[in-house]
Amino acid sequence: MSTEYAVSASNNFLKTIIDEDLKSGKQSSVVTRFPPEPNGYLHIGHAKSICINFGLATEFGGRCHLRFDDTNPAKEEQEYIDSIKESVRWLGFDWGEHLYYASDNFEQLYQWAVCLVTEGKAYVEDLNAEQIRAYRGTLTEPGVESPFRNRPVEENLNLFQRMRDGEFPDGSRVLRARIDMASPNISLRDPVLYRILHTPHPHVGNAWKIYPMYDFAHGQTDAIEGITHSICTLEFESHRPLYEWFLDNLPVPSRPRQYEFARLNLTYTVMSKRKLQELVLNGLVSGWDDPRLPTLEGLRRRGYTPTSIRNFCEQIGVGRSDSWIDVSVLEESVRADLNDSAPRAMAVLRPIKLVIENFPDGQAEELQAANHPQKPEMGSRTIHFSREIWIEADDFMEVPSKGFHRLTVSGEVKLRSGYIVTCRRVIKDELGNILELRCDYDPASREGIHTADGRKVKGVIHWVSAAHSITAEVRLFDRLFSDPNPDRSGADYKQFLNQNSVEVLTECKLEASLTCADSETRYQFERMGYFRQDPKDSKPGSLVFNRVVTLRDVWVKK
RNA sequence: AGGGGUAUAGCCAAACGGUAAGGCAACGGACUCUGACUCCGUCAUCUCUUGGUUCAAAUCCAGGUACCCCUGCCA
C-alpha cells in the first residue's frame, strides 16, 4: 500500500462545482480559507475542514488563507491563535503570506454598517436581549417589529457612533439589520450586527468597544480577501441568505459563494468544544493534549502522523449527509502509514524470564535484526542473545488453548531474529506463579524457522536479552469512551467514559538500541503495535513510550 | 408546526436519463522468521417508500416516511 498523499482522486461535489466554475469562466482561480475562531484547540473535525480547504486550493492551483474569525473577544485568546497555527503547520499546510484576522477589517466593517444605517437598512435597538428574543417570534410564528425599528437615520447614526465611542454599557444597545421580522428564516428577522463589549481583544487590543457578529463579518471578510469558494459546515446553511444579503447590499470588492458540507462525526469520542473543555477542566483527561483526545495536539502527542490524518480525511470523502465514521478507520490509517515507515524493534511489555540452560552464563552473542522486513534499505541493527532473556508473558501457556502456537511446556518456538528454543520446565513459586521458564536452544537454528529434523516451527515471538535490555514505561491507550456514540441525546456522555482507557506499564523491557531513540521516531514494537516516546514525559534514562495503535490481530478476534 | 437540508451495502462514497465506481470492514484462500504486511477471490439484479413519465429511472414528476439544522447580544 502506498503512503503517498494522493490516495485517490475520488470526486466530490465541491470539486465538481469548482471544476465547473473554472471551465465556465465564472471564476478564474480558486481562493479558499480555513476560518477558525481562536476560542479553543483544533480537533480531527477541523482537520477535515483544513484538508478540504487547503486540498482544493492545491488541487486547482489556487491558494488557501488562514483566517482567524476573531469577532468575539470574550472567548478568544492568543494562546489559541498560537496553537491553531502550530496545528495547521504540523498537518503539513502552508498559508504563505495569507494569514488574516477578521479583526483587521473592523474599520471597514464599521463603515459598511454605517452605509446600511444611512440607507435605512440598519438601526440601533434599545430593547434588551430578553425582549429581542420575545419579539423574534418562534419557528412557526412571525416576529414582531421593534418600536425602535423606524428610528430616524440621523438618530441611528448618532447612537451607533456613541456605541463605538464606548458611551454605553455592555448589553444596553445593539445594531440590527432591518430585513424582515416575518421571514420564515429566523436568521433574517432583523439579525444583530453589532454588540457592545468593553472587552480587550487578543489581536486589536483596546481599539474597539463594539464588535461585529459572525454573520456581519464572515461574508464581507471573504469578499475582502477575494475568497471564491467559502466552505463551511451544514449548520450555516440557513445563514446563507443572510450572507448573500450583506453582499447584495454593500459595496464589497468581490462576490464569494458559500458552500456547506457535513461535519465529521467519529465514534467512541466527543468532538464539541464544550465537551472537550469539560473533560479537560474536570481533570477527566490530563489536558488538551491528552493522547486519548481527538484534538490535533492529542493525536500528535500520541504519535499520529500528519500523513495518516491527511489520508484519513481523503478516505472519508466529503458529502452533505450526516455521517458517522468509525474510529477504526482513523486507526487503520495510521497503521498503514506506520507499517510503511516505522523501523521495527523488540520490546517486552509484560516480561517473564526465560533461561537458556545450554547457553553459557555471562556470555553474549551479537545478532543482526532487520529494521524493516520489506525494506532492506532501512538496514539492520545489532541485538544481543544471552542466557537470560525476557519474553512476553502472553506468549507462554502452560495449558495451551486450541490454536495457540507460541510457547508451551516442552514445546518449541522461534525467537525472532534469533534461535529456536524448546521449553524444558516451568519454575514456580509456592503460590503457583511462574517464576521462569527453563529452555534449551538449537545453535543451528539461526536461519529460518525449521528445526534440526526439518519441521517448521509454528510460532515466532519477540524477546529481549535481560542483560542488554532497558526498563521503560509504556502507556497503552484505548478508546476514551466505551459507547460508540457517547454524545447521543438524553444521556450524559461522561457516564460512558471508558475506565480502562489508559494502562501504564512500568516494567517493560526494551532492546538496548532504543536507549537513544529519537523522540519523533515511531517504532513498531514487533507483534505489539506502534509506539513513540511521549514528548512531554520521556527523559533520557527514564523513557516513556506511548502506544499509537495496536497491530491488527485476527487471532484475538477469534 | 414554519423554513432549510439529507436518504445508494455493516461504515463512508461515486454516478448528472443508457443499465450501480472506489475505499474501509467482513468472509474465503495464498504467502510469511511479526497470528503483522502483501497478494488473490467473494461481497447492491439494486439506490428510504408508493405511484407516474420514458424504449430506458438511483437520476425526471407526484405523494408519503425517517433523520439533521434554525427561535445567542456564540461561531
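Select Ser417 and RNA strand B: a backbone N or O atom of Ser417 sits 3.1 Å from a base oxygen of the strand, a polar contact (a pair of N or O atoms within 3.5 Å). This is a predicted model, in which local features need pLDDT of at least 70, side-chain atom pairs count only at pLDDT 80 or more, and totals for chains, interfaces and linings use all residues. Residues are numbered from 1 along each chain as its sequence is written, chains are lettered from A in the order in which they are written, and side-chain values use heavy atoms, without hydrogens and water.

Next, select His405, where a polar backbone atom is 3.1 Å from a base oxygen of RNA strand B.

Now show the residues near RNA strand B (one heavy atom within 4 Å of it). There are 66 around the strand, and Ile316, Arg344, Arg416, Arg446 and Gln524 come nearest. On the RNA side, sugar and phosphate make up 64% of the strand B atoms that come within 4 Å of the protein.

Move to Tyr214. A backbone N or O atom of Tyr214 lies 3.0 Å from a phosphate oxygen of RNA strand B. Tyr214 also lines the largest cavity, along with Asp215, His218, Gly219, His239, Leu242, Tyr243 and Gln258. A cavity is a set of points, on a 1 Å grid over the protein atoms alone, where a 1.4 Å probe fits but cannot get out; lining residues have an atom within 4 Å of a point.

Finally, colour helix H7 (214–225) and helix H8 (240–249), which each give two or more residues to this lining; helices are DSSP runs of H or I, at least four residues, numbered from the N terminus. H7 provides the largest share, 4 residues.

Notes:
A polar contact is a pair of N or O atoms within 3.5 Å; within protein, one must be able to donate a hydrogen and the other to accept it, and residues adjacent in sequence count only if both atoms are side-chain atoms. On a 1 Å grid over the protein atoms alone, a cavity is a set of points where a 1.4 Å probe fits but cannot get out, and a pocket is an open set with protein on both sides within 12 Å along at least five of seven lines; lining residues have an atom within 4 Å of a point.
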